[in-house]
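Thanks for coming. I will go through one structure today, starting with its sheets and ending with its pockets.

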Amino acid sequence: MDLVVTNLSKTYSNGVRALNDITLQIPKGMFGLLGPNGAGKSSLMRTIATLQEPDSGSIMLGDIDVLKQKEDVRKILGYLPQEFGLYPNLSAENILDHFAVLKGITNTKERNEQVKALLGRTNLYDVRKKNVGGYSGGMKQRLGIAIALLGNPKLIIVDEPTAGLDPTERYRFLNLLGEIGENIVVILSTHIVEDVRELCSNMAIIAKGNVLLSGTPDDVVNDLRGKIWKQRIEKSELAAMMQSHKVISANLVAGKPLVHVYADEQPGELFTQSEPNLEDVYFNEMHKAANKQQVEA
Ligand code: ADP
């Protein structure tokens with residue numbers, strides 16, 4: 001069951017055009033929606049999750065018209081928003097049980113079984129009776145995903161779930177998502193390139209409400225093969241380098257900038273060719289989008 005978004009647009013009442021004619025084909029598996037803050041990721045996620053209306057466009061999940069058949073979507077949707085509150089004085093077990101009732105799992109035996117299974121799956125079983133007020137950020141996120149998984153959803157949407165997690169918790173959370181994503185559509189919105197590289201079979205990059213690129217991570221990286229060049233320079237040379245070349249990134253390595261430059265041919269004899277990676281793809285798209293804007297301004 002694919003999710004197909006067609007020509008979706010949304011302008012908020014303050015005039016911000018958050019979604020600008022978005023078209024995306026999202027197949028089964030993990031789909032990474034990558035973009036900087038303000039790109040429109042949450043707006044798109046909330047619209048797919050039936051929580052807000054677009055101005056125009058359509059969204060189909062298999063043969064369900066998402067914008068019209070909201071109740072049908074909600075039955076098969078698990079949504080983990082960017083921020084969510086949990087009653088601090090309740091235990092994970094109580095909270096999950098409560099949400100299971102809301103999800104319509106009224107049979108007590110079935111509900112208990114599902115709650116228990118999800119606590120196990122998210123590694124919270126041993127702490128299920130503890131108040132969630134004492135949980136770490138990672139534990140809260142795992143409880144959030146357990147809530148999203150209630151009722152065996154066919155579509156899962158997780159909005160920036162790894163922001164603020166320490167590396168161990170992030171790894172654990174991504175592994176959990178990866179397991180879930182094998183059989184259903186999972187959309188992971190993030191501004192962290194590694195989240196997508198490590199996990200997603202398909203992806204799109206969006207910025208300022210526009211889809212800049214979509215495809216498999218391998219394909220989009222391959223498209224840059226032979227075009228990324230690197231050189232370590234002095235910090236004092238960086239400004240001039242940015243004037244004269246298409247510098248797409250300049251990460252400090254042991255205190256000195258390692259610049260990555262986009263060029264069809266070797267841009268200077270001190271440059272060596274660099275194996276492209278997803279970060280190059282992302283920064284190249286950001287660079288192109290910023291230039292386009294300058295030209296238009
Ligand atoms: P992201 O999730 O990628 O950070 P958002 O969808 O939250 O992006 O925001 C996209 C743009 O829309 C931003 O410029 C943001 O300030 C604006 N925006 C988001 N929600 C609203 C809203 N309810 N009203 C007005 N502007 C909004």
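**Sheets, domains and pockets**

In strand 5, I64 is the bridge partner of L61. Keep in mind throughout that this is a predicted model. I start with that residue pair because it leads into the sheet around it. The strand on the other side of that pairing is strand 4, residues 56-61, which is joined to strand 5 by two bridges, and the two run antiparallel.

Where do these strands sit in the sheet? The sheet is open, has four strands in the order 2-1-4-5, and its pairing is antiparallel. Its edge strands are strand 2, residues 17-26, and strand 5, residues 64-65, each of which pairs on one side only. Helix 1, residues 41-48, packs on this sheet. Helix 1 touches strand 1 (3-11), strand 2 and strand 4, and its direction makes about 60 degrees with that of strand 2.

Now the second sheet. This one is also an open sheet of four strands with antiparallel pairing, and its order is 12-13-11-14. At the edges stand strand 12 (247-253) and strand 14 (272-273), each with a single partner strand, so one side of each has no neighbour in the sheet. Inside the order, strand 11, residues 228-232, and strand 13, residues 256-262, run antiparallel and are joined by five bridges. As an example to find on the screen, K230 stands opposite H260 in strand 13. Helix 10 lies across strand 11, strand 12 and strand 13, and runs at about 130 degrees to strand 12. Please remember helix 10, as I return to it below.

Next, the domains. The domain assignment of the protein chain gives domain 1, residues 3-221, and domain 2, residues 223-296. Taken over C-alpha atoms, the centres of domain 1 and domain 2 are separated by 33 Å. Domain 1 puts 18 residues into the contact, and domain 2 puts in 13 residues.

That brings me to the pockets. The largest pocket has a volume of about 490 Å³. It is lined by 20 residues, and those closest to its centre are L77, Y79, F99, K103 and I147. Two or more lining residues come from each of helix 2 (70-75), strand 6 (77-80), helix 3 (92-102) and helix 5 (137-149). Which element gives the most to this lining? That is strand 6, with four residues. By class, the lining of the largest pocket holds 13 nonpolar, four polar and three charged residues.

The second largest pocket holds about 340 Å³ of space. Its lining has 16 residues, and A207, K208, N210, L212 and A289 lie nearest its centre. The elements giving two or more residues here are strand 10 (210-215) and helix 10 (278-296). Helix 10 is the one I asked you to remember, and the largest share of this lining, eight residues, comes from it. The classes in the lining of the second largest pocket are seven nonpolar, four polar and five charged residues.

Why does the second largest pocket lie between the two domains? Domain 1 and domain 2 both give residues to its lining, so the pocket lies between them.

To close, helix 10 appears twice in this account: across strand 11, strand 12 and strand 13, and in the lining of the second largest pocket, with eight residues. I will take questions now.

Note on methods: Residues are numbered from 1 along each chain as its sequence is written. This is a predicted model: local features need pLDDT of at least 70, side-chain atom pairs count only at pLDDT 80 or more; totals for chains, interfaces and linings use all residues. Side-chain values use heavy atoms; hydrogens and water are left out. On a 1 Å grid over the protein atoms alone, a cavity is a set of points where a 1.4 Å probe fits but cannot get out, and a pocket is an open set with protein on both sides within 12 Å along at least five of seven lines; lining residues have an atom within 4 Å of a point. Grid points are joined across faces, edges and corners, and a volume is the space filled by probe spheres set on the points. Ala, Val, Leu, Ile, Met, Phe, Trp, Tyr, Cys and Pro count as nonpolar, Asp, Glu, Lys and Arg as charged, and the others, Gly among them, as polar. Domain bounds come from an automatic or database domain assignment. Two strands pair if DSSP finds at least two bridges between them. Contact means heavy atoms within 4.5 Å. Axes are lines fitted to C-alpha atoms, for helices over the stretch in contact, and angles run from 0 to 180 degrees between N-to-C directions.
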